[in-house]
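Student: I should like to go through this structure term by term. Please justify each description before I accept it.

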Amino acid sequence: MTTLSRRGRAGRPVRRLALRLGVVALAASLAACGGTTGEETASNGGDSDAPLIYGVFATPLEEPWDGAIHAALQSAAEDGEIEYKHVDNVNTSDAMERTLRDIAGNESPDAIMGDAFAAEEAVRKVAAEFPDIPFAFGSGEEPVEPNMSVFDNWLQDPAYLAGMLAGGLTKSDTIGVVGAMPIPEVNRIVNAFVMGVKETNPRATVKVSMINTFFDPAAAKQAAEAHVAAGADVLFAERDGVIAAAEEADIPVIGMMVDQHEEAPGHVLTSLLWNMRPTVDAVVEQATGEPAAVDLGEFSFMKVGGSDLAPINTDVVGGVPDDLLARVEERQGQIMDGSFVTPVDESAPGSSIKVSTVEVPEQ
Amino acid sequence: MSLNLLALLGAMLTIATPLIWAGVGELVVERTGVLNLGIEGTMYLGAFVGFLVALRTGSPWLGLLAAVASGVVAGVLMGLFAVTLGLNQHVSGLGLTLLLIAVCEFTFRMLYAGERPTLDTKFDVLLPGVEVLDQHWLTYVAFLVLAPGSWWVLRSTGAGYRLRAVGESFEAADVAGISVSGVRYAALMVGGAFMAVGGAFLTLSVLGSFTLDIINGRGWVCIALVIFARWRVWPAVCGALIFAGTDALQLQLAITPAFGDVPRELMLALPYLAVIVALAVWGRSVRYPGSYLKAHRRA
């Protein structure tokens with residue numbers, strides 16, 4: 001034991017210090033890679049005349065909302081319309097402010113896009129400092145002159161159509177919805193869905209759970225299973241995790257944000273799609289022209305191609321009756337030609353809604 | 001108001017499963033006096049590695065095996081920080097969690113940027129269609145093998161004695177010829193494997209897919225459960241069942257018309273309130289293991 005101790009005293013401190021430094025360096029370098037992607041150009045080359053659009057995202061790109069903005073910017077870059085750089089996981093207000101100031105000051109972008117929900121004030125502050133650069137951010141607040149535009153995902157049109165399908169398919173007259181949290185963008189989707197259900201099935205009850213987080217598929221699945229236990233035979237997966245529950249219960253389910261058909265081909269009936277490309281095109285126009293302060297929300301509407309319903313899967317468990325398909329297609333046609341405007345209701349939905357009691361506002 | 005009691009019980013068992021795996025893992029580690037706050041990251045690693053290997057090989061069994069191996073590696077890493085280097089256990093554990101989550105997210109993006117891969121084959125439930133008992137086999141193992149097994153090992157075997165001896169007084173254990181570092185490393189590796197299985201349960205059994213944030217604080221719940229249980233297995237299992245049962249209950253109540261006017265936030269907080277109440281009632285005057293949070297150094 002004595003020998004051990006002596007050797008320890010003589011040799012350990014230096015070795016331990018070296019080890020500690022090594023471990024810290026490794027941890028720091030790996031931790032740094034995990035979050036922020038850095039500047040990754042996805043464009044057609046650096047020296048083109050295409051405007052440089054910078055994406056600045058509060059969440060990792062794997063989050064579906066920012067993922068949709070990123071996908072649209074990437075597709076514009078692939079078409080050669082823009083040069084695109086991005087940074088993600090800028091998840092605090094102060095980091096957002098620093099990052100935006102750094103990019104606006106040093107990279108001279110022609111426009112900056114991103115989401116401001118977690119940092120509304122920071123984004124507005126930096127936008128005011130750089131009035132010549134258009135800022136277009138996902139936001140729950142108003143645009144600010146002269147250069148701060150806002151957008152949001154307005155998916156009430158496909159939500160309404162999906163509700164019509166769900167109402168037509170349920171045999172137990174009970175439909176389960178699992179959403180994130182009662183915030184306006186989720187509320188208007190759920191409320192439009194409920195109004196759609198009412199159109200095809202006024203006897204139905206729509207039960208709505210919120211898991212109070214954007215990411216917890218296991219909790220969402222449990223919430224969906226509670227719906228099934230309460231008699232639901234059609235589910236709407238506003239959040240990830242619900243499709244797995246529908247598959248196990250062998251009932252149809254409606255997906256969200258991207259076409260989720262591949263995740264359960266026999267059970268995913270359709271999905272609500274958000275296409276940010278029209279919004280991106282509007283921002284590109286500002287980038288090559290004058291900055292503006294506008295609400296770009298309407299570029300997410302179905303009639304301009306900003307949102308859509310994924311192809312309806314008629315091979316879904318239980319099938320889809322032809323007359324229901326025809327009704328949905330007819331309504332979709334009316335949305336596209338403007339003769340039907342889906343009502344927007346941003347109030348928090350109830351937890352168990354008898355659709356017969358729901359007031360559908362007159363157009 | 002119509003509560004579906006059988007569905008409630010079934011959901012309780014499923015929700016409790018990852019908590020029991022990871023909670024027992026944490027308990028084994030803490031009984032040696034090491035607080036492993038790397039639990040959240042280790043569960044995340046298990047969920048990710050299990051999913052990745054199952055996706056690449058098509059076999060959830062290989063995925064589970066890989067998850068176990070990743071948990072052992074995470075345990076060794078924690079051992080390197082907290083045992084070999086004798087660093088502060090809080091900092092080491094939190095650092096490990098941050099590191100592991102970052103490594104998983106980084107790798108996931110490198111491999112599957114913009115995609116949403118799902119497993120073709122995940123573990124099926126046993127006894128499908130039989131209410132309450134239609135559970136995943138990892139749930140059965142958690143309740144019927146893991147909990148009684150670890151209780152017995154800790155209570156009645158030589159390994160259990162050595163483990164507890166190190167946790168109570170590592171000087172005495174050292175004098176008695178027990179390798180303190182060896183026992184702590186072994187506990188970290190076994191505990192890490194259990195935590196990783198808890199994470200992999202979510203990807204390989206429950207969901208068949210991996211998303212960011214998949215563990216979502218379940219590891220931290222386990223830390224509270226272990227303290228609540230005063231480092232004993234069966235109270236930890238009870239704690240997990242109380243938490244899971246309240247969670248399952250709120251999921252049903254939230255969509256029951258009679259409770260329509262109760263704020264959702266209150267419903268969602270119920271399981272956490274239950275744990276806090278349980279801690280307040282039974283968790284007072286807790287006696288920590290004697291060598292808790294202490295690094296062992298021979299003078």
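Tutor: Let us begin with contact: two residues are in contact if their C-beta atoms, placed from the backbone, lie within 7 Å. The model is a predicted one.

Student: What does helix 5 of chain A lie across, and how does it run relative to strand 10 of chain A?

Tutor: Helix 5 (residues 156–169) of chain A lies across strand 6, strand 8 (234–237), strand 9 (253–257), strand 10 (268–274) and strand 11 of chain A. The angle to strand 10 of chain A is about 170°. Angles run from 0 to 180 degrees between N-to-C directions, so a value of about 170° describes directions that are nearly opposed.

Student: What makes strand 11 and strand 12 of chain A edge strands?

Tutor: The sheet is open, with seven strands of chain A in the order 11-10-9-8-6-7-12 and mixed pairing. Strand 11 (307–309) and strand 12 (352–354) of chain A each have a single partner strand, so one side of each has no neighbour in the sheet. On average, neighbouring strands of this sheet are turned by 15° against each other, direction ignored.

Student: How do you know that strand 6 and strand 7 of chain A pair?

Tutor: Pairing requires at least two bridges. Strand 6 (residues 174–179) of chain A and strand 7 of chain A have six bridges, in the parallel sense, so the requirement is met. In one of the bridges, A:Thr174 has A:Thr205 of strand 7 of chain A as its partner.

Student: What makes up the contact of helix 3 with helix 4 in chain B, by class?

Tutor: Helix 3 (residues 60–84) of chain B packs on helix 4 (residues 89–112) of chain B at about 145°, with the axes 9 Å apart. Helix 3 of chain B contributes B:Ala74, B:Leu77, B:Met78, B:Phe81 and B:Ala82, while helix 4 of chain B contributes B:Gln89, B:Ser92, B:Gly93, B:Leu96 and B:Leu100. The contact has seven nonpolar, three polar and no charged residues. Gly counts as polar, so B:Gly93 belongs to the polar class.

Student: How many residues of chain A and chain B are in contact, and which element of chain A gives the most?

Tutor: The contact joins 40 residues of chain A to 37 residues of chain B. Helix 1 of chain A gives the most to the side of chain A that touches chain B, namely ten residues. That side has 18 nonpolar, 13 polar and nine charged residues.

Notes. Residues are numbered from 1 along each chain as its sequence is written. Chains are lettered from A and ligands numbered from 1 in the order in which they are written. This is a predicted model: local features need pLDDT of at least 70, side-chain atom pairs count only at pLDDT 80 or more; totals for chains, interfaces and linings use all residues. Helices (H or I, at least four residues) and strands (E, at least two) are DSSP runs, numbered from the N terminus.
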